[in-house]
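Here's a quick tour of one model, with a stop at some strand pairing and another at an internal void. Have the viewer open as you read.

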Amino acid sequence: MEGEGEARFRLEAPAGWQVLSPERVALLEGKTATLSYTLRVPSLPAGTEGKAVVRAFQGEKEVARTEVALRVLARTEIALAAPANLQAEPDGPFDFHVYVTNRSNRAEEILLEAEAAMAQVRLEPASLRLAPGETQAVRVLVQTEGRLSTGYRFYLKLRATPKGQAAARKEAGVIVLFRDPLAARGQGKDPELTLGLGLALNLGASLENGVLQGSLGYRIAPSLSGALSDHVSASATPSPLSGDLQDPLRLPQSLTLSLKGEGWEARAQGGRERFSLAGSLRLEPVRLSAEGSYQGAALSLRASAVSLDPALDLQGSLGTQVGNAGRQEALSLRYRRPLEAGLSLGLGADLTGQQGEGYALTLGLQQSLTWQSQALELVQSYAGLPFAGLHTLGLAGGTRSLYPLGLRGSTSLALGTDGLWQNRLTLYYQPAAGAFLRLTGSYRQQGGSRGYGLAPGLSVSFGEPGLYTGSLGLGYGLERTLAGDFPERDRYEGTLSLRAGAFGLTGNLRYVRQATPLLEGSLTLQQALPGGSLEGRYQVKRGTDQDLTLYGASWNWIWTGDLQSRLFYEYRVEEATTQRLGLALYRRNFLEPGLALGASYTLAFQEGGLRHGFGLTLAYAQALTFTTPKEVVDLFGGRKGGEVVGQAFRDANLNGRLDPGEAPLAGLRVCMGSACETTDAEGRYRLLAPAGEGRLRFPNLPATLALVGEETLEIKLNAQVAKPLPFAPATSLAVTVEDTEAGKGLAYAGVCAQGPVTRCTRADVDGKAVLGGLFAGSYRIYPDARFLPEGYREAEAREVQVALTGNPGPVRIAVSPPRREVEVTYTAGRLSLVAATDPSTPLSGAEVEVKALVQGKAKEVWLELPTGPVPLLPREGNLYAARLRLFLPPGFHTLTVRAQGEEEAEAPLFLQVVAGPLYSPEALEGPKVRLALRFRAKEVALRGESRSFALKSEDGYTWTGEVALSPGRHTLLVLADGETLGPVDLSLPSESASQ
C-alpha cells in the first residue's frame, strides 16, 4: 500500500475462509508499506481457487480496493488405526482389521506394508485408493512360523505410505499375546484354579518293499495352575504320561511345583533320583536367593544376594557341592561404583576351593574402569588367577557415534603362558543414509607366531517406500602369517534381501578358503498369494562333517475356517540321495473347540525303493476352571480387599427392606472407586473394593430415583459387607442463594435441604443450584455454612413442601455479608500509604516484589516480617519497593508495611501463599539442562549419583549447563545456594550406528 494520511483496511474473504483479524489501521507517510493478514484455510479440495478483496477507507469513504487470488494447496495426511493389543491362540493363523483414513484434500493411493519376525503377514488389500475423508478397512492375516508357547508376546509393525509421499507415512505397532483360550475361561472375581488336560493320539503306518508297519502312541499331559489367594499363585505340572506299542505305559518321571507371591518365589522339582528346591525373597534393599539340588550321590547348595539400592551396585553368591569326587566351595563377589562424571569402577573376585587328596584354593580377580562422555568411550579391564600366574590385560573403546565417521578398537595381552597379544581396530564410515562401510584390521602374536588380518565390509539398504525394499551386505576377510604357524585363510561373505509387494527373496553365501575349503549358502524365494504362499528353497554345504545339497518347494494354503494344508517336495543329497513328496492337512477346533485333527502322507524315493508314510494325529486340550476353596484362600493370606454384596430394588414405602410387590432393579451400575459391577436380573450385585471407607456411585441411575439411606460404608479386609440398595422415586428442587448486599446470586455457595432425607450441594457461578434425590415431604432449605465465604451468615431460609410432580419454581434463600466497620485511613496532608505484592499469590519460598505507594513525606518505609523489618527503597515519584524471598508457609497471611516521617503510618498487606516448585525445567534435551528459578540465586548445581554439575547464569534466574552422564534414566537434585529445591528426572538416549 502507498498513500498519505490515516487509513482503515478491511479484508473480505470468500465463503468458507475465516479471517482471524479482518481490519487494520495504518498511518501512511508517502512510503510503500505492507499489510499482513492471517486466514484459516477451509477443508476444500486441492486446487480450489477464490478471491479476497481488500478495501481501504478514510472515514466512511472507500478510497481504494484490490483483489487477492487464493488457491488451496495440496495437503497429504493419512491416519492408520490398529489395535494396540490382541490375543490369539498359539497354533494356527489369526486375523484382525486395521483402518486407513485419507485426511488429505485430494485422492491418495496408499501402499501398505507389514513387518514381523518369524511370521508371514498378508494384507488384503495391499494398496488402497481413497477419496478425501474416506476410511477403509484392511484385513491382516498372520501365519506364524514354528511353534509358539502360551504367554509369548509377538510384535507386528504396520506401515501405510501415500504413493510418492514418504514423509506422510504412518506406522502402528500391535502386540499379540498368545494365550490358551480354554485356560482363560474363568477370570472371575475370586481366586481360581485351572485344571488343564492335554490328550494326543498318534497313528502311523509305512509301506516299504511290500512290508506294512504300523505305529500307535498316546500322550496325556495334566497341569494345575492359578491363584491360591489374592497374594499367592501356584502351579503344579507333572511330566506327561505316555506309551506306544513297544512300551504301553511310561509313567510321569518328574513333578514341578511353584509358588509365587509379592516379593518372593519358591519352586520344587523331583523325579528320577533328582530333587531340587529354589526360592527368592525381596527384602528392601536386597534380594536373597537360595537353591539346592540332589542328584545321585551329589548334593549342591547355593545362596546369593543382590543389592536393590541404586547407590550400591553389589551382588554375591556362596555355594558348595559334595559328591563322589570330593567337596567344592565357591564364593563370588561383584561390585560397581561411579567415581566421577562419566567414570565408573567395577571389581570382582571368585574364590574356589576343592578337596581331593588335599584342599586346593583358586583365586580369580576381575577389574574394569569405564569412562564415557557424550562422544567417546574407553574401558580398561583386568582378569587373572594371581596364584597361577595367569593375567589378562585389556583396553577397548572408541567413538560412541558411528555417523558419519566412527572408530572402535581393542587390545588384550595374556600373560603367564605363551603370552597371547591380540589387537583389533575398526573404522566406520556412513557416506549416505542407508550405506555403511567398515574396515577392520587385526594383529595377534603368541610365542614366536605372528599374524595379521584385514576385513573390509559394505552394507546398503535401498528401496522405494510402498514399492520395494532391500538390503545388500558384502564382506571379505583375510588372515596372514608373518611368522610361526598361525593358519591362513580368506573369507568371502554376502547377503541379499529383497521384497517387492508379495514377492520376497533372501540369500546368503559364505566361502572360506583354507586347508579344507568351506562353502555354505542358501537362497529362499517366496510369493504371497491371496490364500497362502509359494516358497522355493536351495541350500548347500561343502567342507563340513556332513555335506548337503538341498532343493525344496512348498505350497502353503489357508482354507476357509481353521483348515490349513501344506504340499511340499524336497530333493536332498547327503551320503545318500533322497526325494520326498508330501501333503499335510491340519484342522483346529475340529467338531468342537480344543479338538485338533492332523493328517499327512509322504512318498519317499530312496536307493532301497519307494517308501509310503501315513500319519494321523488327534489332539484334544481341555481346561476346567473352578473357584479356589475358601479354606485354601484363607491359608495363603486371603483377599487384598473386601467385598460388598446386596440387592437393588424399588422401595415404595421407604422402609429400606424388600417387601412383597417391590421390584428389583436390573442392569444398575454399582461403583466404588474404580471398581464397578452391574446388577443381575434379580438386582443382586457383588463388588470387590479396597479396604477402608468408600462411597457408592450409580452412574446410570435414573434422575427420578434416589437411594434411601447412606451411600458411604466401611469395607473390612478379607470380609464381606451386606449392603441392600433400596431406591425410591425422587425429584429435584431449584434453589437460588442470594447475596443481600449485592442483590445477586452468591457464586459457589453451599445449600442444603433437610427433611425425610438430607441433601447438600454447591451453587454455580450465578448462585443457582439444583438439589436432587429428594423424596416427597416437607424440607427446610438453608445455606450450608461450610461452603460460604468467611463472615457470611444465613439471612433467610425457607420451608418447602416437595412433591414428586408440580414443584414450584426456584426457591430463594439469602445470606448476608460480614458487617463492616468504617475507619478513615487517609486524610489530606497526613502520612498514608497502600501496599501490594507482585505476584499477588506467590509461591512459598519464591521471590516477590513488595510495593508501597506513599502519600506525604516519609523518611523510611519498611515491611514487618516475623524475621525482622525489611526496608523498601524509594523509586520514581512516591513509590517504594524491594525484592525479597518470603519464607512463609502456604496459607493466608496478613503482613504490615510501615512508613515513618513526622508521624508514623501503616497499611495491611494481604498475601495468599501457595505451595509449588521453586524452579521449572525449560529444556531437558540429552545432556543439556536449562532451569528457571523463582528467585535470584548466586550458585545453582545439580547433584546426584555422587557427582555434582554446576550451572551458569547471566541474570541469576535462568541457569544452563551440561551433565556428563551415561545413557539411561537419572534423577538429580536441584541445589540453589546450598538449598535443596527438589529433583529433576533426565532421560539420556543411547546412540547406535543407525542413529
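What follows covers a run of three strands and then a cavity, all taken from a predicted model.

## Strands β22 to β24

Start with β22, residues 274-283, and β23, residues 286-295: the two run antiparallel, and 10 bridges hold the pairing. If you want a spot to check in the viewer, pick alanine 278, whose bridge partner in β23 is glutamate 291. Getting from β22 to β23 takes a hairpin with 2 residues in it.

β23 also pairs with β24, residues 298-307, again antiparallel and with 10 bridges. Here valine 286 is bridged to serine 307 of β24. A hairpin links β23 and β24 too, with 2 residues between the strands. Have a look at glycine 296 in that turn, since its phi is positive, at about 65°.

## The second largest cavity

How many cavities of 30 Å³ or more turn up in the whole structure? The search finds 2. The second largest has a volume of about 30 Å³.

Its lining is made up of Leu80, Val98, Leu112, Glu113, Leu123, Val138, Val140, Leu158 and Arg159. By class, that's 7 nonpolar residues, 2 charged and no polar ones. As for where the lining comes from, β10 (108-116), β13 (135-144) and β14 (153-162) each put in at least two residues. Glu113 and Arg159 are both part of this lining, so they're handy names to select when you go looking for the void.

Conventions. Residues are numbered from 1 along each chain as its sequence is written. This is a predicted model: local features need pLDDT of at least 70, side-chain atom pairs count only at pLDDT 80 or more; totals for chains, interfaces and linings use all residues. Side-chain values use heavy atoms; hydrogens and water are left out. Two strands pair if DSSP finds at least two bridges between them. Helices (H or I, at least four residues) and strands (E, at least two) are DSSP runs, numbered from the N terminus. On a 1 Å grid over the protein atoms alone, a cavity is a set of points where a 1.4 Å probe fits but cannot get out, and a pocket is an open set with protein on both sides within 12 Å along at least five of seven lines; lining residues have an atom within 4 Å of a point. Grid points are joined across faces, edges and corners, and a volume is the space filled by probe spheres set on the points. Ala, Val, Leu, Ile, Met, Phe, Trp, Tyr, Cys and Pro count as nonpolar, Asp, Glu, Lys and Arg as charged, and the others, Gly among them, as polar.
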